[in-house]
Amino acid sequence: MSAVRSEEGDADVELTALIVVVGIALFFNYTNGFHDAANAIATSVSTRALTPRAALAMAAVMNLVGAFLGTGVAKTVGSGIIDPPKDMHGLSIVAAALIGAIVWNLVTWYYGLPSSSTHGLVGGLIGAALAASSSVLWHGVIYKVVLWMVLSPLIGLVLGYLVMVVMLWIFRNSNPSKVGRRFRIAQSLSAAAMALGHGLQDAQKTMGIIVLALVTTGYQSAADSHVPVWVILLCAAVLSLGTYAGGWRIMRTLGRKVIELDPPKGFAAEATAASVLYATAFIWQAPVSTTHTVTAAIMGVGSTKRISAVRWGVAGNIVFAWVLTIPAAGIVAALAYWIEHLFA
């Protein structure tokens, strides 16, 4: 009888811990929303194509829609980065990883640096797994994360430059004021496309983490990689709420401090970044950074005017934050795991 009660007590503790970890994952999702809101709307707000609140509302809706368009990235995050033990120990690793990502999101948001929530999460997973002497799937980290960490901003930079050059050639004999008005309207569409891409990419990362937590506690089979509908609904809703809360500090950095944007440049940067996000999600199922991609596209578009038009000092600070993200989030996650282990 006592053995049965003990097993029931253990199951209750495990379920409670799982609910807590899902709550932490959703809070990370919320910080991701307000941290990365600038990705979708900074350019359209800075060029006055949209008012801030209208832009945030549009981004929230498109994030919600984007979250339902696929689960390939979620599967990569949930099973392609680490392989934790299938027990409470594994759940503590997931919790520590989320804490590392959340702390880094809040620090970079406070200083207005558009760092990557994606790489913060990956860094947290790696740091917590290493601290726990658990398995890190380095092949997945290198080919699904590190490779695209380098490629996505490079593609965004080059493609943004080329798209802007083509646009300048097409409209070389047009009236600048008329072109500006037309692209101000077109920017509403490109901003929506960017927000859809953000929902497609970033909501899936939290979905993958929740599925990983379900697998470690036995509530979902390791062989079953599907994302439950309730997980998709929760992640989509919370990401949208976070997006509507807005990330004004980072918005100012992306919209004004890197380059001075006008509607054609804003459209070119958003269209470029959205294309990269769709391709990496649907073709390669790679969890790329929306922040890296759109920032690089803005730099590429701005450099068509002249190289000095890009404020490379601000750009250098952003790149430094990019490089620091994975190790910094990993260190915080490792500390969180050791604290959990000490008190547990």
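Tutor: Let's begin with a term we will need: a residue is called buried under 20% relative accessible area, exposed over 50%, and partly exposed in between. Keep in mind too that this is a predicted model.

Student: Then how should I class D83: buried, partly exposed or exposed?

Tutor: D83 has 38% relative accessibility, so D83 counts as partly exposed. Its partner K86 is partly exposed as well, at 44%. The two form a salt bridge, with their closest N and O atoms 3.0 Å apart.

Student: How many salt bridges does the structure hold?

Tutor: There are 3 salt bridges. Another one joins the side chains of D202 and K205, at 3.1 Å from N to O.

Student: Where do D202 and K205 sit relative to each other in helix α7?

Tutor: The general idea comes first. An α-helix has 3.6 residues a turn, so residues three or four places apart point the same way. In this structure, D202 and K205 are 3 residues apart in helix α7, which means about one helical turn separates them.

Student: And are D202 and K205 buried or exposed?

Tutor: D202 has 0% relative accessibility and counts as buried. K205, at 1%, counts as buried too. For a further case, look at D262 and K265, whose closest N and O atoms are 3.3 Å apart in their salt bridge. There, D262 is partly exposed at 29%, while K265 counts as buried at 11%.

Student: Let's turn to helices. What span should I expect for helix α5?

Tutor: Each residue adds 1.5 Å, and the expected span is 1.5 Å times one less than the number of residues. Helix α5 covers residues 117-131, which makes 15 residues, so the expected span is 21 Å; the end C-alpha atoms are 21 Å apart, in agreement. You can repeat the exercise on helix α2, residues 52-66: its 15 residues should span 21 Å, and its end C-alpha atoms are 21 Å apart.

Student: How many residues of α5 are buried?

Tutor: In α5, 14 of the 15 residues are buried, so you can call the helix mostly covered. In α2, the buried residues are A55, L56, M58, A59, A60, N63 and G66.

Student: What should I look for at the two ends of α5?

Tutor: At the start of α5, check S116: a side-chain oxygen of S116 comes to within 3.2 Å of the backbone nitrogen of T118. Just after the helix, check S133, where phi is positive, at about 55 degrees.

Student: Next, rings. How many aromatic pairs are there?

Tutor: The structure holds 6 aromatic pairs. One of them is F34 with W109, an edge-to-face pair with 5.6 Å from centre to centre and 75 degrees between the planes. F34 belongs to helix α1 (residues 2-46) and W109 to helix α4 (residues 88-110), so this pair ties together parts that are 75 residues apart in sequence. F34 counts as buried at 11% relative accessibility, whereas W109 is partly exposed at 27%. Another edge-to-face pair is F171 with F183, at 5.4 Å centre to centre and 80 degrees between the planes. F171 lies in the loop between α6 and α7, and F183 in helix α7, 12 residues apart.

Student: Which residues do ring pairs link into a cluster?

Tutor: Ring pairs link Y30, F34 and W109 into a cluster.

Student: Which residues make the nonpolar surface patch?

Tutor: The patch of about 770 Å² is made by L130, W138, I142, Y143, V146, L147, L151, I155 and L159. Helix α6 (residues 138-170) gives the largest share, 8 residues. Take I142 as an example: I142 lies in helix α6 and is partly exposed, with a relative accessible area of 43%.

Student: Last one: what does a separation along the chain look like in space?

Tutor: Compare two cases. The C-alpha atoms of S174 and I24 are 150 residues apart along the chain and separated by 52 Å. Those of A74 and D224 are also 150 residues apart along the chain, yet separated by 13 Å. A74 is in helix α3 (residues 72-79) and is buried, at 3%. S174, in the loop between α6 and α7, is partly exposed at 30%.

Terms used: Residues are numbered from 1 along each chain as its sequence is written. This is a predicted model: local features need pLDDT of at least 70, side-chain atom pairs count only at pLDDT 80 or more; totals for chains, interfaces and linings use all residues. Side-chain values use heavy atoms; hydrogens and water are left out. Helices (H or I, at least four residues) and strands (E, at least two) are DSSP runs, numbered from the N terminus. Buried means under 20% relative accessible area, exposed over 50%, partly exposed in between (1.4 Å probe, protein chains only). A polar contact is a pair of N or O atoms within 3.5 Å; within protein, one must be able to donate a hydrogen and the other to accept it, and residues adjacent in sequence count only if both atoms are side-chain atoms. Patches are made of residues with over 30% relative accessible area and no salt bridge: like charges are joined within 9 Å, nonpolar side chains (Val, Leu, Ile, Met, Phe, Trp, Tyr) within 5 Å. Accessible areas come from the Shrake-Rupley method with a 1.4 Å probe; for residues, only the protein chains shown count as cover. A salt bridge is a side-chain nitrogen of Lys or Arg within 4 Å of a carboxyl oxygen of Asp or Glu. Rings of Phe, Tyr and Trp (its six-membered ring) pair if their centres lie within 6.5 Å; planes under 30 degrees apart count as stacked, over 60 as edge-to-face and the rest as tilted.
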